[in-house]
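Got the viewer open? Grab the selection tool and follow along, one stop at a time.

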Amino acid sequence: MSTEGVEIFIPGKPQAQVTPEPVKLADNKLELLAPAKNADYGIEAIRHGADAVYIGAPAFGARHTAGNSIADIARLCEFAHRYHAQVFVTVNTILFDSELEDARKLIWDVYEAGADAIIVQDLGLLELDLPPIALHASTQMDNRVPEKVAFLEHVGFSQAVLARELSLSQIRAVAAETNMRLEFFIHGALCVAFSGQCYISEAYTDNRSANRGECSQQCRMPGNLSTRKGEVIATNEHMLSLKDNNQTENLEALIDAGIRSFKIEGRLKDLSYVKNVTAHYRQQLDAIMARRPEFEPSSHGRCSYSFVPDPDKSFNRGKTDYFVHDRKPGIADFRTPKYLGIDVGKVSKIAKDHIVVDSNAEFNNGDGLGFFAKNYEKARLSDDKLTGFRVNRAEGNVLYLKTVPEDLRVDVTLYRNHDQAFEMLLAKESAERLVTINFALAEREQGLALTAFDNHGHSVTVTADFDKQQANDIARNCEGLKKNLGKLGNTDFSLGEIDLGDAAGVFAPASVINNLRRDAVEALSQARIQGYQRPTPWERDDSVRYPQRSMTYLSNVSNQKAKDFYTRHGVVSIRDAYEVRPVKGDAPLMITKHCIRYSYNMCPKEVPGIKADPLQMELGGKEFKLVFDCHKCEMLVVG
């Protein structure tokens, strides 16, 4: 056999050397965006259905402990682009003047590694010599009003991560004023403050700034609430600890409001969380697109799983859809900031070495269970009141324990926060992602030609010369040809259609067909890689004016380049970021949509006649005043 050559067709790229014209992202493409703690996590996220992943750069990321080498970012990009999935790299802290040059070099390194976009907070970066890489506006920029998002589009951003606090109507208002792709968090931990608007960690924990990736999460600590006169309202409660975000029921409404990128939080979460939660939302979005064919995924390939995705079985603090449908109760769990788990029943009997549970659940050796002690004061528990144990051996509803907790009581509710059987499934290879390949076989004078093509416009043709013979049994010959063409083995492809055409009557040795198939698969793989085009930066309009004339420390301007940027765009008064020059005296150290008055049924708007006494909160040994802006329906935590 001889291979005469390979003909390749790549959609939108008729000649390999031609650089495509910049195009804006199509707004009918839906993007599932998953977290990547490292390259291996990112690869698994893509295998489990992510259209894009976001990963930390070696420095300057909002998760200080989740940085990655340039080599690992390049490895992730190479894998992602096989499926036309994208890789976004976080460079989303505020920067000091001495760091700008290092940040510029890092962004060039990230670009040369193949990254598709950088996620940024500090607009001083726009004053630097950056590579032609797409810019995404981090949620740390506090993107919650149409004017701000529209401005970001004009200065070159192609995607913006909206504030988690927005309602559907507010999202629609933003979408009406921009052509940018809008991104929204749909799952995971919720920061109680508007992102970028919290300085408690910086003020009280040795310069650990949330705007520089080192938040100490003091908001998850227990505290006490009282009036300014000393009347105690709550003690040892986690008043600022929100439940976790879960927008499963709102995905279609978010699409209709204008969201096109659906972001999962969790760059510090474990691998089973990434696999499970990504697979869950992949299935949810695929079901929507099956009903609404006007939308399509932004990457290629279909996923299959060895497990049934269930986000309730991965780390979560309970679930809330937050403010998507406006304010409502139940967004926080004041009992614990830990993973409570799924209610699996009540204790019905306690013996020396085992307990019996009234439950319909199926228990396994190694399960982790938790409970709340009946008497917090007498229980020997940590401040968060939740304690737990592991199941040594499970025999139906009889659970044998190494040590039965002395604070466990009959009728106490048990929560499973570690499902051993489920975790064992996720510890193995748990997903496969394949792109559909189609074959068309044709007879030619010297032998056969095999065309392989996907469903996205990529096509290749390979040929083989051999001494042709006519088949004696055409039906049997067709069966043999299809069988050999369908042997895709350990490739990125699943078999679609096979068209044998006029080659149905040509007998060819199995070795000829196998070689043709292998050559075609390899050629199509290369054509798909060559056909991948990174998004290009949007045009920048330096004449547009910023929507504010003056900026306080809440704007997080921490270097001269950022000041130069805002000055050129019409800002006349710029105060340094809190991290540069802390505010003296009483100042808001957190701005949040979460309202403690509302949570404790003390809101003057909701409870007629209630006295709106000033409140104060003790948290981590520090005293804070709570100031309520009822017009904006926001709470300020003042230090």
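Start by selecting aspartate 326, in the loop that runs between strand 15 (319–320) and strand 16 (342–350). Keep in mind as you look that this is a predicted model. Aspartate 326 isn't a glycine, yet its phi is positive, at about 70 degrees. Its relative accessibility is 44%, so aspartate 326 counts as partly exposed.

Now jump to asparagine 601, in the loop between helix 13 (596–599) and strand 32 (615–619). Here too you'll find a residue that is not a glycine but has a positive phi, about 60 degrees in this case. Asparagine 601 counts as exposed, with 54% relative accessibility.

One more loop. Select glutamate 99, between strand 4 (86–91) and helix 3 (100–112). Is glutamate 99 buried or exposed? Its relative accessible area is 15%, and the cut-off for buried is under 20%, so glutamate 99 is buried. To see what it touches, skip the neighbours within four places in sequence and show Phe60, Ile94 and Arg212, which are in contact with glutamate 99.

Next, go to strand 25 (residues 459–465) and pick aspartate 465. Show side chains here: the one on aspartate 465 makes a polar contact with the side chain of arginine 444, at 2.8 Å. Then add leucine 448 to the selection. Aspartate 465 and leucine 448 are 17 residues apart in sequence, and their C-alpha atoms are 6.7 Å apart in space.

Move along to helix 10, residues 474–485. Put a distance label from its first C-alpha to its last: the twelve residues reach 16 Å, close to the 16 Å expected at 1.5 Å a residue. At the N-terminal end, aspartate 473 acts as a cap, with a side-chain oxygen 3.3 Å from the backbone nitrogen of alanine 475.

Which residues of helix 10 are buried? Colour Asn477, Cys478, Leu481, Asn484 and Leu485. Now turn the view to look down the axis: the buried residues of helix 10 fall within an arc of 135 degrees, so they line one face of the helix. Give another colour to Ala475, Arg476, Glu479 and Lys483, the exposed residues on the face turned away from the buried side. And what covers the buried residues? The cover includes strand 23 (431–444), strand 24 (447–453), strand 27 (493–499), strand 28 (506–507) and helix 11.

Follow helix 11 (residues 510–531) into the largest nonpolar core. That core has 115 residues, and Phe157 and Phe439 have the most contacts inside it. Helix 11 supplies the largest share of this core, eight residues. There's a second, separate core of 35 residues, and you can find it by selecting Ala234, Leu242, Ala332 and Cys595, which are among its members. In soluble globular proteins, nonpolar side chains tend to be buried together.

Finally, zoom out to the whole chain. You should be able to pick out 13 helices and 34 strands. Along the principal axes, the C-alpha atoms fill a box of roughly 100 × 75 × 45 Å. The radius of gyration is 29 Å, which agrees with the value near 26 Å that a compact globule of 639 residues would have. Buried residues make up 55% of the 639 in the chain. If you draw the contacts with a separation of 6 or more, 72% of them join residues 24 or more positions apart.

Technical notes: Residues are numbered from 1 along each chain as its sequence is written. This is a predicted model: local features need pLDDT of at least 70, side-chain atom pairs count only at pLDDT 80 or more; totals for chains, interfaces and linings use all residues. Side-chain values use heavy atoms; hydrogens and water are left out. A nonpolar core is a set of buried Ala, Val, Leu, Ile, Met, Phe, Trp, Tyr and Cys residues joined through side-chain atoms within 4.5 Å. Buried means under 20% relative accessible area, exposed over 50%, partly exposed in between (1.4 Å probe, protein chains only). Helices (H or I, at least four residues) and strands (E, at least two) are DSSP runs, numbered from the N terminus. The expected span of a helix is 1.5 Å times one less than its number of residues. The arc is that of the directions from the helix axis to the C-beta atoms. Contact means heavy atoms within 4.5 Å. A polar contact is a pair of N or O atoms within 3.5 Å; within protein, one must be able to donate a hydrogen and the other to accept it, and residues adjacent in sequence count only if both atoms are side-chain atoms. The radius of gyration is taken over C-alpha atoms; the globule rule is 2.2 Å times the number of residues to the power 0.38.
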